[in-house]
Structure formats: structure tokens, C-alpha cells
Amino acid sequence: MDIADVPGHVKHQMATRTVSTKIALADAFDQLATPGETVPAQTVSEVASEMLPADRPLDAGQIAAAGAIGGSDRLVTVTGPAGAGKTTMLRVAKSLLDNQGRRLVIVAPTKKAASVAGREVGAESSSLHALLHDWGFRWSDSSNGQVWTRLVPGQTDPETGHAYGGPHHFALRRGDRIVVDEAGMVDLNAAQALASVAKDADAGIAMVGDHLQALPVGHSGAMSLMRTRSTAAVELCAVHRFKDPAWADLSLRLRNPGDDLDAVAYQIVEDGHAVVVATEVDAHRHMADAWMESAGQGKRLAIVTATHEDAQIVNDLVQARRLAAEQLDTTSAVGLQNGQVAYVGDVIQTRRNDRNMNVENRQQWVVQSISAGQDGASSSITLVSLEDSGVSRVVDDFYLAEHSHLSYASTVHGIQGETTDRSLVGPGVDAAGLYVGLTRGREHNAAVVIGDGNAAAREQLMQAMQRGAIEATLDDSQSAARRDLAHAARQAQIPTVDGKKYAPWHDKTARPFGDLVNIDHLLTEAADQEKSLFEQIARLSDKIAIDQAALNEAQLRLAAWDARKHASKVGGGAQAEAPLLMSTIDALQERTHTMRTERNELAQSYRALTQRMSALHREVSIRKRLGNQVSAYEDDARRRRQNHNDVETVPAWNDQKLRPLGHVAALRAKQLSTAAELARITADAEQRASAIAAVQETLRRSKVSADEAIDRAQWERAARLLPHAQVAYDRVVQRRSELTQLMRTIDVEISIREQLHRESPTRSRQEALDRSSQASKTGTPRLPQHEVDSISTG
């Protein structure tokens with residue numbers, strides 16, 4: 001197949017860097033894959049009986065997994081669904097290793113996940129990247145992705161300027177077992193570095209996780225690749241987390257639905273695990289209400305959203321409800337990221353590891369107290385762990401302003417590994433997000449979907465469940481590309497009537513677009529509209545990002561002014577800065593809110609359009625599958641009906657509502673003049689967009705300082721003029737949209753006249769004469785007869 005023939009959404013190429021990384025990682029795992037012996041099941045059971053309650057013994061899968069990790073195979077992989085009891089199994093595996101004088105060291109993609117696993121298992125733990133850094137690995141971002149290097153002892157460390165002396169914090173010994181928890185989130189580069197560490201330390205690796213849950217930020221497939229190379233691979237099948245056995249079974253089907261998408265989606269809806277709402281706004285409100293209801297019942301609810309922005313909206317809604325219910329102490333407050341404010345009692349999440357304050361990325365906390373600093377010093381905030389009220393930390397306001405946000409809701413990466421009482425998954429998540437979100441709650445799990453009934457809910461869930469296979473090897477990648485291509489080319493099932501004969505083209509229930517003649521033209525128009533909507537959404541997103549950055553800058557300047565004021569260092573002209581900053585902040589907040597609302601409306605239109613395109617593609621596929629003979633018959637029948645209906649139903653030329661350009665005699669001339677103006681307006685819009693982008697870039701990069709009056713004056717002038725430039729640009733874009741619509745209207749009128757010329761020449765000629773006569777009455781010069789003849793044909 002020629003590359004040009006490959007559908008745009010089908011993956012058919014792979015970066016050379018990715019190819020080489022996969023080959024190198026496969027080779028590294030092959031070198032480590034030394035067979036060994038597993039601990040006998042009887043021994044594992046005896047050790048487990050001494051540690052675990054009598055009513056909670058290990059199942060067969062857990063026994064096999066603990067025996068493999070406690071054994072001597074260098075490479076071990078343990079995969080399993082959420083709630084399969086991996087943590088309990090690891091406690092037993094650690095005991096087995098302890099009995100042999102070997103250590104179990106737990107690492108995870110995040111320090112938070114490693115700390116939780118280490119605490120629950122009782123083992124030494126660290127983030128994976130901290131271990132790799134200690135063993136000399138360094139990484140940096142580039143235009144081609146991350147670049148990894150490794151220091152050798154004695155080499156100068158570019159980060160410190162001192163000689164690297166080898167591993168210091170994590171000195172592994174021969175026979176130690178490195179357990180990678182949440183291993184499905186490990187990318188290829190980190191996995192390759194870990195393989196080198198294990199080889200040098202003569203240690204073993206055990207990857208424990210689920211490759212069908214949240215994937216890494218980088219290239220995925222490390223866990224699946226290691227599973228194919230491991231000499232001991234165990235699959236956990238039983239689920240222990242959920243109180244409802246029926247949901248436990250359904251969660252396994254949700255994890256890997258295969259061709260059973262429809263049945264799984266149907267069961268989720270029928271069993272009460274789906275909440276159907278009308279709009280995205282309703283979804284956000286429902287999630288906020290659900291958090292308040294669960295908290296009132298003493299239950300912890302995990303809310304999973306598709307994007308960080310959705311999470312922030314829900315966070316703000318929950319906080320507003322808690323403020324209205326007087327659940328937060330507002331006598332003091334502290335600033336967070338993106339202009340958020342936290343009060344005593346708020347739930348927040350820290351987003352950066354900090355050894356000095358002993359906090360970790362993605363840890364959740366409750367704000368216990370806020371103590372204002374004296375004489376301009378930073379405030380001290382006491383945080384209490386959401387998972388363990390006995391754990392508390394003291395941080396300063398500078399850290400929270402840069403590295404924390406409200407955490408009533410989060411994306412899938414923020415909730416992976418958590419276990420709560422209930423969970424609620426918002427609309428728009430992918431397959432991994434849906435599965436992870438719907439397996440956090442012990443008591444109940446539900447998904448919020450946007451639609452107008454259960455049928456729409458099932459369709460939304462089916463779309464979310466569709467996932468591509470993990471590409472562990474090059475063969476897997478090639479197979480995935482072939483599957484995608486086959487899926488793109490797969491023809492829809494032809495609907496039938498009473499299970500026997502094919503549904504005819506005019507059956508609106510079975511084939512809602514079966515009567516369309518120019519379906520390809522409609523698809524082209526829909527694709528253009530989709531592109532236009534996408535560009536509008538992207539443009540709004542850029543504007544929101546720019547305004548949000550300016551808002552953050554203004555808020556930081558206001559905070560600095562306030563700090564100087566309390567330190568009695570504000571005087572002179574600086575006194576007038578605060579009112580200006582506050583008015584600027586108010587204007588930016590109002591504008592970003594308006595733009596976010598507009599973007600949400602555009603997003604809903606975009607989703608509706610893509611659903612229509614999907615239905616049109618289905619009709620095209622049905623026609624192809626019917627074969628040439630049946631398709632030709634249907635096409636002829638459609639055209640006969642259309643010709644009959646169209647000529648009878650074509651409005652009169654002077655019907656201004658249905659044919660707004662029917663009275664225009666020189667339609668071709670109007671088409672040419674409109675096209676010329678559209679080209680001029682389009683060029684003008686592009687020039688204005690470039691100028692605005694340049695100013696925005698200047699604002700983004702400029703550093704405003706009170707000591708640099710010229711730079712500050714330029715910044716303020718640019719910030720003042722930018723909104724006017726954007727308004728003018730929006731007017732030009734609006735005019736371009738009007739002209740584009742006028743061109744479409746002209747095309748429609750030309751099409752009508754051409755149709756009448758073919759199907760009803762007499763009426764076509766009469767319309768041309770009537771238009772010419774009307775032009776004479778209104779003072780427009782009468783056209784010569786040969787031009788009347790020409791106009792009657794279009």
C-alpha cells in the first residue's frame with residue numbers, strides 16, 4: 001500500500017530512536033534472563049500463614065508470584081488487574097527474601113507510589129529515577145525526546161561540578177531483588193537504565209503492575225517486553241478489593257474487553273455504574289455534588305478527570321460548596337498554583353519532591369493550619385496526610401504557590417495506585433483512565449457520561465474502552481499497525497430487517513443517512529468544519545494559556561507588593577501599583593472565564609460533529625459492502641427520488657428566506673468579487689495573527705522589574721494594546737467567516753440553477769427572464785439576451 005493511501009489516524013511509522021531503544025532493551029533483558037528456581041508453594045503458604053489473618057490466605061496466583069519474586073530467576077514479571085492483592089503478595093515475598101539474607105528494594109515511577117508501597121510492605125523504597133540517578137544516569141529533554149547518559153566513577157558530574165563517586169544511597173548487593181511497583185508506567189529509557197543497574201549489581205528485577213492501566217509519559221511497552229523475556233511470569237486473576245463480587249467479575253472484563261465492548265458497556269449501565277448527564281457543565285456539577293455527599297457520609301471519593309483543566313474546574317466547585325457549607329476556615333489562606341487559594345480544611349496535592357520539607361510529588365494533604373510569618377518572613381503551613389492522619393509536614397507558602405494545587409479531583413496519573421471507598425470517572429477519559437478510575441472504590445464505582453439516554457451512555461463507554469495493544473517489540477508494533485489499518489478498512493455490518501433481508505437505503509431507522517446522494521461531499525464539508533472547530537479550540541486554548549500566564553504574573557507581583565507593604569518598604573509611586581494590578585487581575589479572570597465557557601461550547605459542537613462523521617463513514621462502508629450491482633441500483637433510486645423531490649421542492653427564485661441569492665442576476669460576477677474579498681481578508685487575518693503572536697511572545701518572555709522603568713512601560717503598553725488588537729483580529733475573523741458563508745450560499749444557489757437547467761429547462765429560463773425583469777424595475781441595467789441565456793445555466 002502506498003503511504004498516501006494510509007488513513008491519517010493509522011500508525012504506520014516509528015521513529016528510528018524508538019526502534020533502537022526497543023532493540024537495545026530487548027537485548028539487555030535477554031542478557032539478564034538467567035533461569036532459576038522458585039520457592040515451593042508449600043513454603044510460601046507456611047510463611048504467609050504466619051503473617052496473614054487466617055481468613056485471608058493467599059490465592060494460587062499470589063502464592064506463585066511470591067514464590068517467583070522470592071526465588072532466583074533474574075527476571076520476574078507479575079501482572080494482574082486492579083485489586084488483585086499485589087501488596088499482600090509482596091509482604092510475603094519480602095519475608096521469603098529476608099529468610100535468605102537478601103533484600104527487597106521497591107522502586108516506582110513516582111516517589112509517592114514508592115513510599116506507599118514501601119510503607120505497606122515494610123521495605124526500603126525509592127522512586128525509580130532516584131535509584132537510576134544514584135547509579136550515575138542523567139537525562140535531559142531535547143527536540144527528539146529525552147537523551148540519557150551515564151557517568152562513570154571519577155567523571156565530573158555536570159549537575160554538581162564534582163567528581164561522581166558511584167552509588168551512595170542505594171548500594172545494591174548480589175542477589176537483591178529490585179521490585180518495580182506500578183511497572184506499567186515505566187518507559188523504555190528508564191527500563192533500559194534499570195537493566196544496566198541490575199546487571200552491574202548482579203541483582204534481580206521483578207516488574208509488578210498492570211500494563212493495561214495508566215501508561216508512561218514516554219514510550220510504553222517496557223513491562224510487556226520484559227514479560228516476554230522473563231523466565232518467571234505470573235498472571236494474577238482473582239480480585240480481592242471490591243465488596244460486590246459481580247463488580248469484581250465485570251472489572252476483569254472491563255480491563256480487557258476485546259470484542260465484547262457492547263456487552264461490557266451494557267452491563268456497566270444496567271448495573272448502575274453509569275451516570276448520564278446532558279452537558280459537560282452538568283458532569284462537573286455532579287462530580288462536585290458527589291464529593292460533598294460522600295464526605296458527609298464519612299466516605300472517601302476518588303474523582304478521575306480526563307484533563308488537568310477538568311480537575312481544576314471540579315476542584316473549584318467542591319471548594320465553593322465547602323465554603324458555602326462553612327466547612328473551611330477562611331480566617332487565613334495560602335496561594336497555590338494557577339491562582340488557586342487554599343483555606344484551613346482544604347484538600348491539596350503537592351507536585352514536587354522536596355527532601356528538606358519531606359514531601360513528595362502527588363501526595364495528598366489536608367491543610368491543618370496556616371501561620372503568617374513575621375516581618376515579611378514566609379508563612380508556615382501544617383499539612384496532614386489524607387491517607388494517614390498521624391503523618392504531618394510543615395511547608396512554606398513559597399513551595400505551595402509553585403508546587404501544589406487543590407486535590408478533590410485529579411487525572412488518572414494522580415490516582416493510580418490509590419484505594420478509596422468510592423470512585424467517579426468523568427467524561428472524556430481513555431481506556432486506561434476508565435479502567436483505573438472504575439477500580440479505585442471498594443464499595444462503588446461509576447462513570448459520568450454525556451448523552452441523552454442509556455443508549456448514548458453505552459456508546460460513550462464503548463468509545464472509551466477502545467485501546468491499542470501495547471507494542472513491546474518491533475513485531476508487536478508492526479502487528480499493531482496492521483490491526484489499525486485493518487480496523488480502518490473494516491466494513492460496517494449491513495443492517496437487516498427482521499434478521500433476514502438487508503435494510504433498504506430509505507430505512508431511516510437502520511440507515512439514517514441512506515438517502516443521501518452526495519455523501520462524499522458532506523463528508524468533505526464535515527471534515528472542513530471539524531478542522532475549523534479544532535483550530536478555534538486551539539486558538540482559544542492559546543489565548544487562555546497566555547492570559548493565565550499574565551494572570552499568574554500579576555498575582556505574583558501583587559503578592560510581592562503586599563509583602564513589601566507589610567515590611568514597610570512600599571512608598572512613592574509604588575503605592576499606585578496595587579489598584580492597577582487588582583483591576584488587571586479582575587479583567588483577566590473575567591476574560592479567561594468567558595473564553596473557557598466558549599471553548600466548552602465549541603468542544604460540545606466538535607463532539608457532535610465527529611459523531612455525525614462516524615455515522616456518515618458507516619453508511620459509506622455499508623454501500624461498499626453491498627457490492628457494485630446493489631450500490632448502482634440504490635444510487636439510481638436515490639437520484640430519481642431526489643430529482644423528483646428536488647425540482648418540486650426547489651423554492652422560487654424570489655424566496656428571500658430559502659434562496660437568499662435567487663434574485664441575483666450576475667451570480668458569477670458576485671462569486672468572483674466575493675472570492676477576491678475573501679482572499680484579501682484571509683491575508684489580513686494572517687498578518688494580524690502573526691503580529692499578535694509576536695506581542696504575546698514578548699509578554700511571555702519579558703521580565704517586568706520595578707527598577708527598569710522602560711521595560712515595564714513597554715510591557716504595560718503591550719499588555720494594554722493587546723486586547724484591542726485581539727478584538728480587531730476577531731472582527732476580521734468574523735468577516736472572513738461571513739464571506740466564507742456567503743461563498744457557500746453562492747455555491748448552493750449555483751447548484752440549484754444547474755439542477756433546474758438539467759431537470760427543468762423551461763423553469764430555468766423563466767427564472768432568468770424574471771430576474772432580468774426584476775433588475776430593470778429596481779434600476780439595475782437589463783442584461784443582454786445572450787447573458788440571460790448564460791445566467792439560466794448557472
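**Exercise 1. Place one residue pair in its sheet.**

In S16, which residue is the bridge partner of Val 384? Work outward from that pair to the whole sheet.

*Solution.*
Step 1. Ser 392 in S16 is the bridge partner of Val 384. The model is a predicted one.
Step 2. Go up to the strands. S15 covers residues 380–385 and is joined to S16 by 5 bridges. The two run antiparallel.
Step 3. Go up to the sheet. It is open and has 5 strands, in the order S16-S15-S14-S13-S17. The pairing is antiparallel.
Step 4. Find the edges. S16 (392–396) and S17 (404–406) each pair on one side only.
Step 5. Add the twist. From one strand to the next, it averages 40 degrees.

**Exercise 2. Describe the surroundings of strand S7.**

How many residues of S7 (residues 204–209) are buried? Then find the strands that pair with S7.

*Solution.*
Step 1. Count with the cut-off: buried means under 20% relative accessible area. In S7, 6 of 6 residues are buried, and the strand is mostly covered.
Step 2. Sort the residues by direction. Gly 204, Ala 206 and Val 208 point one way. Ile 205, Met 207 and Gly 209 point the other way. Both sets are buried.
Step 3. Take S1 (residues 75–79). S1 pairs with S7 in the parallel sense, over 5 bridges. Thr 79 stands opposite Gly 209.
Step 4. Take S6 (residues 177–181). S6 is also parallel to S7, with 5 bridges joining them. Here Val 179 stands opposite Ala 206.
Step 5. Trace the connection. From S6 the chain passes through helix H7 (residues 188–201) and on to S7. This β-α-β crossover is right-handed.

**Exercise 3. Map the nonpolar cores.**

Which residues have the most contacts inside the largest nonpolar core? Identify the helix that gives the most to this core, then look for another core.

*Solution.*
Step 1. Recall the trend. In soluble globular proteins, nonpolar side chains tend to be buried together.
Step 2. Name the hubs. The largest core has 37 residues. Trp 291, Ile 348, Ile 381, Val 395 and Leu 400 have the most contacts inside it.
Step 3. Find the main contributor. Helix H11 (residues 280–296) gives the most, with 6 residues.
Step 4. List the contacts of Trp 291, leaving out residues up to four places away in sequence. Trp 291 touches Leu 301, Ile 303, Val 318, Arg 322, Val 347 and Tyr 408.
Step 5. Look elsewhere. Another core, of 36 residues, lies apart from the largest one. Among its residues are Phe 137, Leu 172, Ala 203 and Met 223.

Methods: Residues numbered from 1 in each chain as written. Predicted model: local features only at pLDDT ≥ 70, side-chain atom pairs only at ≥ 80, totals over all residues. Heavy atoms only, no water. Pairing = 2+ DSSP bridges. Helix = DSSP H or I, 4+ residues; strand = E, 2+ residues; numbered from the N terminus. Axes fitted to C-alpha atoms, helices over the stretch in contact; angles between N-to-C directions. Buried < 20%, exposed > 50% of the residue type's maximum accessible area, 1.4 Å probe, protein only. Right-handed = clockwise from strand over helix to strand, strands pointing away. Core = buried A, V, L, I, M, F, W, Y, C linked by side-chain atoms within 4.5 Å. Contact = heavy atoms within 4.5 Å.
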